[in-house]
Amino acid sequence: MDTTVAKGMSVLELLARSGGPVRLSTIAEQLDLQKSNVHRLLATLAELGYVLQEPETGRYALTLRIWEMGAAVIAQHPAKRGAAPYMQELHKATSETVSLTVLDGDDVLYLDKILAPRPLRFTTQPGSRAPAPLTASGKALLAHEPNARAVVERAARQPANGEPLDVEALMAELESIRRNGYATSESSWTAGVVSVAAPIMGRDGRAAAALSVSGPAERLG
């Protein structure tokens, strides 16, 4: 592995997660790198157009070039292209939030979303992640994964919001999801939001993506 490339990518990922401009010293501390090393990486990334430095504060942030690259990638994703008309139909039929997700590691990655016109207390944005075992779409995907138990066991060792995860109960639920063809979720992690999800099956017998409808418990019984 080229360590310089790896460090540069770590800087980009940190800036993407930060939610705003970040000081050089903060980047160095969080990545456990020397400030001089981080400065060189930032200078190169700025020269390439991926990072900018605020003249007033000296802090660093990503440019829209990162968004441009991501938008080009997501526009070509077959699940996003194929699911688009069905997302519109679901949204029209339910007037609730509709999401398209794929499994990425132990998380679900949100590729696309149509928001409900009415407020939703908990929501995610395209490009965000959530632990797969704690979401309806994640369970719909895991139900067709051969390594689902390993994913569930790792999630159980790192419970979100302190919510315990019963591995055997969830494995039984995944079996039920596989039989019934859909998954549901309602937990403290999703702050009273109920979701129903179904997998988009691939030709290999695994779920290529999942579609979900989400809304507050008082609207979605």
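In this predicted model, the side chains of arginine 206 and glutamate 145 come together in a salt bridge, with an N to O distance of 2.7 Å. The two partners stand 61 residues apart and tie distant parts of the chain to each other, since arginine 206 lies in the loop between strand E7 (193-201) and strand E8 (207-216), while glutamate 145 lies in the loop between helix H6 (136-142) and helix H7 (148-157). Their surroundings can be told from accessibility: glutamate 145 has a relative accessible area of 12% and is therefore buried, whereas arginine 206, at 38%, is partly exposed.

A further link of this kind joins aspartate 104 to arginine 129, whose closest N and O atoms are 2.3 Å apart. Here too distant parts of the chain are connected, with aspartate 104 in strand E3 (residues 97-104) and arginine 129 in strand E5 (residues 129-131), at a separation of 25 residues. Aspartate 104 has a relative accessible area of 33% and so counts as partly exposed, and arginine 129 is likewise partly exposed, with a value of 43%. This pair belongs to a network of salt bridges that links Asp104, Asp107 and Arg129.

Aspartate 112 and lysine 80 form another salt bridge, in which the closest N and O atoms are 3.7 Å apart. The pair spans 32 residues and connects strand E4 (residues 107-114), which holds aspartate 112, with helix H5 (residues 78-94), which holds lysine 80. Because its relative accessibility is 18%, aspartate 112 counts as buried, while lysine 80, with 25%, counts as partly exposed. With the pairs described here included, the count comes to twelve salt bridges.

The nonpolar interior can be followed next. The largest nonpolar core has 21 residues, among which Val108, Leu142, Val152, Met171 and Leu174 touch the most other members. Two or more residues of this core are given by each of E4, H6, H7, helix H8 (167-180) and E8, and the largest share, five residues, comes from H8. Valine 152 shows how such contacts reach along the chain: with its neighbours within four places in sequence left aside, valine 152 is in contact with Pro133, Leu142, Leu165, Val167, Leu170, Met171 and Leu174. Apart from this assembly there is a second, separate core of 16 residues, which includes Val22, Ile27, Tyr50 and Tyr60.

Note on methods. Residues are numbered from 1 along each chain as its sequence is written. This is a predicted model: local features need pLDDT of at least 70, side-chain atom pairs count only at pLDDT 80 or more; totals for chains, interfaces and linings use all residues. Side-chain values use heavy atoms; hydrogens and water are left out. A salt bridge is a side-chain nitrogen of Lys or Arg within 4 Å of a carboxyl oxygen of Asp or Glu. Helices (H or I, at least four residues) and strands (E, at least two) are DSSP runs, numbered from the N terminus. Buried means under 20% relative accessible area, exposed over 50%, partly exposed in between (1.4 Å probe, protein chains only). A nonpolar core is a set of buried Ala, Val, Leu, Ile, Met, Phe, Trp, Tyr and Cys residues joined through side-chain atoms within 4.5 Å. Contact means heavy atoms within 4.5 Å.
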